[in-house]
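Biologist: I'm looking at this one at the bench and would like a close look at the helix packing. Please take me through it slowly, and tell me how far to trust the model.

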Amino acid sequence: MQAYLERLRHDRRAAWAAFIAIGILLAVLPFLADAGLGRSWVRILDFVLLYIMLALGLNIVVGYAGLLDLGYVAFYAVGAYVFALLSSPHFGIHLPFWMVLPMGAVAAGIFGVLLGAPTLRLRGDYLAIVTLGFGEIIRIFLNNLNTPVNITNGPQGINLIDPIAVGDFSLSQTHTLLGIQFPSTYGYYYFFLLLTLGIIFVSIRLQNSRIGRAWVAIREDEVAAAAMGINTRNIKLLAFAMGASFGGLSGGLFAGFQGFVSPESFNLMESIMILCMVVLGGMGNIVGVILGAVFLTVLPEALRYVGTLQQALFGQVYADPADLRMLIFGIAMILIMLYRPAGLVPSRRRRRELEAEADVADQERDSVYDTKR
Amino acid sequence: MDIFLQQLINGLVLGSVYALVALGYTMVYGILELINFAHGEVTMMGAMVALAVIGALVASGVALPGVLIVLFGLMVAVLVCAALGFTIERVAYRPLRHAPRLAPLITAIGVSIVLQNTAMIIWGRQYITFPPLLEIERYSIGGATISNLQIFIVLLSASMMVALVLLINRTRMGRAMRATAQNKSVAGLMGVNINSVISMTFILGSILAAVAGVMVSAYYGLAHYYMGFMLGLKAFTAAVLGGIGNIPGAMLGGLLLGVIESLGAGYIGPLTGGFMGSHYQDVFAFFVLILVLVLRPSGLLGERVSDRA
């Protein structure tokens with residue numbers, strides 16, 4: 001594997017071959033999933049892509065800039081509700097998606113700055129709890145802003161949201177192209193795939209840009225970064241805003257895809273799951289984060305089969321698979337972290353940190369201006 | 001006035017439960033700088049185990065006074081939770097002591113998922129009611145009422161907190177804990193057994209959590225496999241409010257959060273002309289938290305922590 005990757009780095013033709021192979025695989029993936037596992041798995045693929053986008057957004061805040069954000073789902077919610085309010089019968093407004101999606105992303109970005117601005121002084125765990133509180137506040141407001149003026153329709157949520165459509169071409173319908181049927185989940189798959197690739201591209205470019213390096217510098221040592229002439233305030237706010245707008249974009253897509261949003265989808269557990277995707281995969285590493293998102297989205301679905309497995313192994317179902325699957329999921333999370341504490345695919349820089357001498361690490365831990373506090 | 005007094009009483013009762021749970025968070029944080037996300041779930045386990053024991057005793061028809069049955073349930077819950085806390089630290093945190101800082105956070109979340117779902121498999125998804133074993137008497141003071149259960153909750157948590165403070169300030173173990181919190185490696189050089197101190201911290205925190213869990217389920221008359229989540233969140237908030245890692249801070253933060261919450265719930269409706277109902281009480285708690293942290297980034301009593309850095 002390692003040798004192959006090394007070859008890809010140098011051999012142009014091998015790289016193109018791998019690129020095309022991945023492209024073809026991604027293009028036919030919904031057909032494979034549908035044929036191999038059933039129609040519901042195409043829908044799961046759509047969610048995988050949504051979560052990849054979310055996780056990459058959070059990766060900017062947590063992985064690049066090192067700001068622990070436990071309320072990330074709030075931005076997802078903002079994007080989703082902007083989409084829902086501006087293209088549903090709730091207010092009778094039906095703006096096209098290409099207007100609403102960017103509006104959701106911008107609104108989420110603004111919320112990101114709103115959250116970031118007062119919390120710039122906070123370090124580490126204090127920042128975590130404030131972002132967590134912020135996420136809960138957004139959710140509680142969404143839950144209760146149905147009286148006295150009905151804005152969010154409360155716990156019932158907003159229904160009948162317009163699907164993503166250009167003119168008469170709606171992604172919620174089945175289309176036929178060259179004699180092949182493309183059901184709605186397929187359409188969304190390709191649309192999400194396109195956007196995910198866009199976000200991956202932006203993430204890669206950001207990583208090695210001036211801004212990306214500034215984020216890493218802040219993560220490693222904020223005071224040193226400031227001394228080097230980095231405007232830490234603006235750069236941190238930029239991380240919040242950019243991560244949030246990715247979240248807002250995915251939120252809008254979620255609303256259009258589901259056709260329904262309610263505050264229930266945006267609870268703390270969701271934030272924590274997205275954070276787990278980032279950390280479990282390998283913070284700051286794009287491949288790792290993608291892998292984490294795929295893993296944590298697919299595993300709970302795959303674990304739905306534990307009932308069938310029990311049936312096959314013991315001839316009867318002992319424990320309710322719905323209960324058991326989350327138990328196994330939790331155990332899997334613990335085990336992965338125990339065996340790969342830096343994530344499935346650690347970023348190169350972080351791996352170097354890990355391999356540093358123990359006393360160096362301890363010294364860093366005890367340094368006065370450690371970013372973790 | 002009577003609303004004020006009533007909400008103050010309710011807030012103090014709730015706050016003393018928060019404070020007990022918050023102590024668990026803050027002690028672990030003070031020593032390991034780790035947010036023990038599974039702590040709320042330990043509280044839930046305490047409540048569930050106690051209710052299971054109490055339920056079994058009631059069903060077996062033992063001729064014991066109600067208070068004794070509840071106390072027995074409490075004892076079992078304390079033992080189970082102490083063992084649980086010890087095991088959690090051994091399995092999920094100790095191997096990761098030199099790992100990147102977010103790794104134990106993820107195992108903590110994993111542990112809490114495991115505990116939650118274990119409880120769900122054992123006790124089911126439904127609410128479990130606390131059997132009416134305790135005779136509730138209500139006394140009225142100045143237009144507000146207070147029950148003997150409420151008084152008992154406040155007294156029990158106050159005495160546990162006093163005991164904890166004495167333990168930390170007066171005993172050998174407490175001195176070892178303080179030394180470990182200041183500097184693990186130097187404490188180790190001075191002959192402190194770091195691992196047993198850390199285990200002890202988890203055990204103590206879990207005992208407090210178990211008591212808090214039993215009290216909260218007796219107070220509301222209900223327990224549920226999901227109850228630990230919100231309780232843990234509030235208690236963690238309380239710990240941060242007071243300055244995480246600081247033991248008096250956790251007590252203050254817990255009491256303050258309880259009072260703010262119930263005063264907020266009682267007054268937010270009339271104050272906003274019915275615009276916001278009492279379901280905004282959680283917003284209130286978090287809003288105060290954000291405000292405090294923005295003005296005092298290390299929490300109310302958190303100075304000692306930042307000095308130590």
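Modeller: Let's fix one term to begin: angles under 35 degrees count as roughly parallel, over 145 as roughly antiparallel, 65 to 115 as roughly perpendicular, and the rest as oblique. This is a predicted model, where local features need pLDDT of at least 70 and side-chain atom pairs count only at pLDDT 80 or more, while totals for chains, interfaces and linings use all residues. Residues are numbered from 1 along each chain as its sequence is written, chains are lettered from A and ligands numbered from 1 in the order in which they are written, and side-chain values use heavy atoms, leaving out hydrogens and water.

Start with helix α3 (residues 40–64) of chain A, which packs against helix α8 (residues 210–220) of chain A at about 45 degrees, their axes 9 Å apart. Axes here are lines fitted to C-alpha atoms, for helices over the stretch in contact, with angles from 0 to 180 degrees between N-to-C directions. Helices (H or I, at least four residues) and strands (E, at least two) are DSSP runs, numbered from the N terminus. So α3(A) and α8(A) are oblique to each other. On the α3(A) side the contact (heavy atoms within 4.5 Å) uses A:I60, A:G63 and A:Y64, and α8(A) brings A:W215, A:V216 and A:R219. That makes 4 nonpolar, 1 polar and 1 charged residue, where Ala, Val, Leu, Ile, Met, Phe, Trp, Tyr, Cys and Pro count as nonpolar, Asp, Glu, Lys and Arg as charged, and the others, Gly among them, as polar.

Staying in chain A, the axes of helix α2 (residues 12–37) and helix α7 (residues 184–207) come within 10 Å and cross at roughly 150 degrees. That angle is why α2(A) is roughly antiparallel to α7(A). Their crossing is right-handed, meaning the near helix is turned clockwise from the far one by less than a right angle (left-handed if anticlockwise). Helix α2(A) gives A:L26, A:A27, A:L29, A:P30, A:F31 and A:D34, facing A:Y186, A:Y189, A:Y190 and A:L193 of α7(A). Sorted by type, this contact has 9 nonpolar, no polar and 1 charged residue.

Over in chain B, helix α2 (residues 39–60) and helix α9 (residues 227–242) have axes that come within 7 Å and cross at roughly 130 degrees, so α2(B) is oblique to α9(B). This crossing is right-handed too. The residues touching are B:G40, B:E41, B:T43, B:M44 and B:A47 from α2(B), plus B:M227, B:G228, B:F229, B:L231 and B:G232 from α9(B). They split into 5 nonpolar, 4 polar and 1 charged.

Now for trust. Chain A has a mean pLDDT (the predictor's confidence in each residue, from 0 to 100) of 80, with 86% of its residues at 70 or more. Chain B averages 85, and 93% of the residues score at least 70. Go easy on residues 366–373 of chain A, where pLDDT stays under 50, and on residues 304–309 of chain B, where it also stays under 50. For the complex, the predictor gives an ipTM of 0.83 and a pTM of 0.80.
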